[in-house]
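Here are my notes on the model you passed along, with the symmetry and the contacts between chains in mind. I've kept them as numbered points so you can check each one against the coordinates.

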Amino acid sequence: MNLNGLKPGGLITFTSDFGTADGYVGAVKGCILSIAPQVRLVDISHEISPQNVVQGAWCLKRAAPRFPAGTIHLAVVDPDVGSARTGIVMETERFLLVGPDNGLLFLAAREAGIRRVIAIDEAHGAWRKSETFDALHLFAPVAAHLATGMGLGDVGPDISDWVELERMEPRMTPNMIEGRILFFDRFGNGITNIARGLCRGDPALAEYGTRGRAAIHTHYAAIGHDPGCAGASSVGAIWNSDGLLELAAYGGSARERAGLEEGTRVRVYFEPQST
Amino acid sequence: MNLNGLKPGGLITFTSDFGTADGYVGAVKGCILSIAPQVRLVDISHEISPQNVVQGAWCLKRAAPRFPAGTIHLAVVDPDVGSARTGIVMETERFLLVGPDNGLLFLAAREAGIRRVIAIDEAHGAWRKSETFDALHLFAPVAAHLATGMGLGDVGPDISDWVELERMEPRMTPNMIEGRILFFDRFGNGITNIARGLCRGDPALAEYGTRGRAAIHTHYAAIGHDPGCAGASSVGAIWNSDGLLELAAYGGSARERAGLEEGTRVRVYFEPQST
Amino acid sequence: MNLNGLKPGGLITFTSDFGTADGYVGAVKGCILSIAPQVRLVDISHEISPQNVVQGAWCLKRAAPRFPAGTIHLAVVDPDVGSARTGIVMETERFLLVGPDNGLLFLAAREAGIRRVIAIDEAHGAWRKSETFDALHLFAPVAAHLATGMGLGDVGPDISDWVELERMEPRMTPNMIEGRILFFDRFGNGITNIARGLCRGDPALAEYGTRGRAAIHTHYAAIGHDPGCAGASSVGAIWNSDGLLELAAYGGSARERAGLEEGTRVRVYFEPQST
């Protein structure tokens with residue numbers, strides 16, 4: 001695939017923690033459409049929690065690979081705007097990512113296969129480094145010019161080092177995996193770093209916190225129907241569509257019901273546990 | 001109108017309770033654009049309250065009929081994903097609806113005139129039943145393939161039975177209608193199930209709860225100007241643009257001012273009430 | 001530029017305080033696309049705080065000028081819908097604004113240069129005045145018909161008087177400017193009415209409330225690194241991308257940390273202040 005020369009009518013997605021009420025998102029959209037009038041803009045999210053780079057990285061990882069080949073993903077969650085952190089473009093086999101070099105783009109890029117990373121040349125004439133709003137002055141013009149055919153080599157020099165998100169790998173023993181809740185989704189489901197692919201065997205039970213136990217079900221509604229669960233207070237677990245273990249409730253928030261927090265410890269066992 | 005063979009460039013709207021920060025909405029959009037690159041995506045809402053099928057149904061009922069003929073409305077509020085509930089396509093005179101068979105699509109479809117209902121064939125090659133995320137694996141591909149010209153008959157078999165939302169009809173006497181607050185909008189207005197068309201005469205007053213009284217006005221600002229209302233605490237009523245009675249406040253939330261709740265009883269009288 | 005005869009395929013942006021869950025935003029989008037099927041819709045925001053005309057006006061002022069020439073900006077934050085307030089179209093050198101005459105459109109229009117203002121003729125056949133939902137029945141059809149080539153003269157008569165937002169000018173002395181916090185952005189930064197262009201000299205310090213002091217930095221991250229600031233409780237100030245002084249925090253909300261409110265007094269001095 002040659003991303004250079006992407007045809008007008010190409011796609012740019014936009015992900016940020018800006019909310020929309022302040023007008024910053026609108027300004028960025030206007031800037032892109034002024035440079036690349038034929039581009040099609042797609043909102044992924046502007047509701048990433050303020051400055052939550054990890055949440056933004058997971059959001060991108062879920063969404064970016066589903067888009068047509070050649071899509072440009074602009075993403076800005078950028079607590080260090082104005083400091084020395086670099087702006088980058090990450091090229092994968094399937095798409096381009098444009099944003100700050102703080103790990104935000106990393107999860108999506110790693111999964112898709114990183115092919116080339118460019119440090120945005122801040123002395124370029126078509127954009128400029130800003131002190132407070134690189135989304136508008138730096139990243140949006142880069143994304144728009146890439147969409148109208150600018151080559152990656154014209155954006156800046158290749159680099160071989162970039163910020164990776166701290167890996168949050170679970171701890172493994174022969175008959176157990178111990179992980180943690182990474183974050184919560186909108187429904188109050190607690191997503192952990194325990195991947196189904198890591199399991200030796202097919203665990204039936206997850207333990208959480210100091211005393212919690214959750215049967216592992218195939219889908220949300222089954223949690224509510226679990227005869228072993230005490231009605232409204234029941235919390236179960238499922239393997240979600242990313243292959244990660246989730247603590248979940250049916251018709252409610254597992255976070256609230258079980259008092260879960262980010263970082264709460266979760267374990268799955270492959271063999272019946274001796275108590 | 002022949003919805004089969006809808007031209008590329010057609011419209012797909014998307015309504016859900018996913019929020020956007022988790023990336024699920026982005027993933028669905030990417031999937032649709034990968035299958036149907038020329039389709040135009042329009043967001044209706046991703047802020048339906050989690051698992052609130054009734055709110056989603058009203059949102060669709062308001063929005064869907066305004067779109068051009070042939071629009072495909074994808075809607076997913078789906079607490080029972082992974083269970084035995086069916087996925088359906090509802091065809092009306094004007095548009096198609098794609099989503100779970102749980103009542104979500106029903107209000108919009110009924111008003112527009114239900115012409116044909118299809119149970120999505122889960123053994124079809126172009127999509128698959130999922131345990132946790134039918135929006136991505138089942139409903140989005142169906143909507144996208146319909147947009148690129150797949151016929152309804154290729155989606156699955158016709159059915160003659162589907163889930164209807166429990167009707168919440170008001171109680172009527174010769175000189176009164178007694179209904180309830182169905183839900184609140186973003187401004188804290190309480191929307192009731194009392195339709196203007198049901199009224200014999202033109203009521204001037206609504207009673208709510210055990211003691212509340214609200215004059216019926218023509219527009220929001222008039223509530224604030226009502227000399228019979230005590231300043232900031234005033235709550236009035238209006239007929240909204242759907243023809244339903246709303247309890248409302250000017251420059252504030254009727255819900256908060258009057259302590260209203262979903263289910264609060266509301267009455268209108270056609271004749272002056274003897275006290 | 002001749003905005004009349006704007007080609008199909010033109011842009012309409014949409015800004016409101018409706019939220020999306022109630023379906024009103026969807027209805028407006030459907031109406032526009034039914035009248036002008038080729039138009040490209042871009043959401044600016046539907047999360048303006050309910051009835052907050054000032055916030056909406058600032059949002060538009062930030063976003064509108066970035067869009068391509070000829071863009072039509074539809075904006076509705078309209079507490080007085082149904083009353084005697086007029087609907088207007090404001091034409092500037094670069095874009096059109098359509099919405100209520102309550103100041104919402106004014107900041108964006110003034111900055112871009114007001115060229116012509118039209119009072120929407122409510123007796124026109126293609127739209128109508130509504131009691132509760134002018135966005136759908138009045139403003140959306142006007143915007144859509146303008147996008148398909150209707151001339152401004154066909155929308156209604158020219159007017160020479162319109163609502164301006166109350167000016168909130170700071171107070172100035174030879175060595176000081178005293179302003180106020182106008183509103184907060186999503187991150188809890190307090191935006192003031194102190195414009196960098198008004199300053200004689202380059203102030204290093206801002207005072208706020210009765211005792212607060214904030215060093216003026218070049219970017220957000222520098223606030224956190226300020227050795228004179230006491231760790232997590234530090235609040236600093238920056239000149240934002242609109243050239244306005246902001247009270248800000250790094251990795252947190254200045255509003256919460258310093259107990260700021262809308263209206264909190266803020267001062268900058270050009271000469272060292274004698275204490």
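1. Domains of chain A. First off, bear in mind that this is a predicted model. In chain A, the C-alpha centres of domain 1 and domain 2 sit 33 Å apart. As for where they run, the domain assignment puts domain 1 at 11-154 and domain 2 at 171-269.

2. Chain B on chain A. Turn chain B by 120° with a shift of 0.0 Å along the axis and you can lay it on chain A with an RMSD of 0.0 Å. That is how a three-fold axis relates copies. The surfaces used by the copies are different, though: 12% of the contact residues of chain B recur in chain A.

3. Chain C on chain A. Chain C superposes on chain A with an RMSD of 0.1 Å, again through a rotation of 120° and 0.0 Å of shift along its axis. Do these copies meet through the same surfaces or different ones? Different ones, because only 12% of the interface residues of chain C are also interface residues in chain A.

4. How much is buried between C and A. On the contact count, 33 residues of chain C touch 34 residues of chain A. Putting the two chains together buries about 2,600 Å², and carbon and sulfur atoms give 52% of that. Which residues of chain C lose the most area to chain A? They are C:R66, C:R186 and C:F187, which together account for 27% of what that side buries.

5. Salt bridge and polar contacts. C:R186 is worth a click, since it also pairs with A:E47 in a salt bridge, with the closest N and O atoms 3.4 Å apart. One salt bridge is what the rule finds across this interface. For polar contacts, the rule finds 15 residue pairs between chain C and chain A, with both residues at pLDDT 80 or more.

6. What the chain C side is made of. The elements of chain C that give two or more residues to the side touching chain A are β2 (40-45), α2 (53-63), α5 (220-225) and β12 (236-239). Of that side, β2(C) supplies the largest share, with five residues. By residue class, the side of chain C that touches chain A splits into 15 nonpolar, nine polar and nine charged.

Methods
Residues are numbered from 1 along each chain as its sequence is written. Chains are lettered from A and ligands numbered from 1 in the order in which they are written. This is a predicted model: local features need pLDDT of at least 70, side-chain atom pairs count only at pLDDT 80 or more; totals for chains, interfaces and linings use all residues. Side-chain values use heavy atoms; hydrogens and water are left out. Contact means heavy atoms within 4.5 Å. Buried area is the accessible area (1.4 Å probe) that two parts lose on being put together, summed over both. A salt bridge is a side-chain nitrogen of Lys or Arg within 4 Å of a carboxyl oxygen of Asp or Glu. A polar contact is a pair of N or O atoms within 3.5 Å; within protein, one must be able to donate a hydrogen and the other to accept it, and residues adjacent in sequence count only if both atoms are side-chain atoms. Helices (H or I, at least four residues) and strands (E, at least two) are DSSP runs, numbered from the N terminus. Ala, Val, Leu, Ile, Met, Phe, Trp, Tyr, Cys and Pro count as nonpolar, Asp, Glu, Lys and Arg as charged, and the others, Gly among them, as polar. Domain bounds come from an automatic or database domain assignment. Copies are superposed by least squares on the C-alpha atoms of residues with pLDDT of at least 70 in both.
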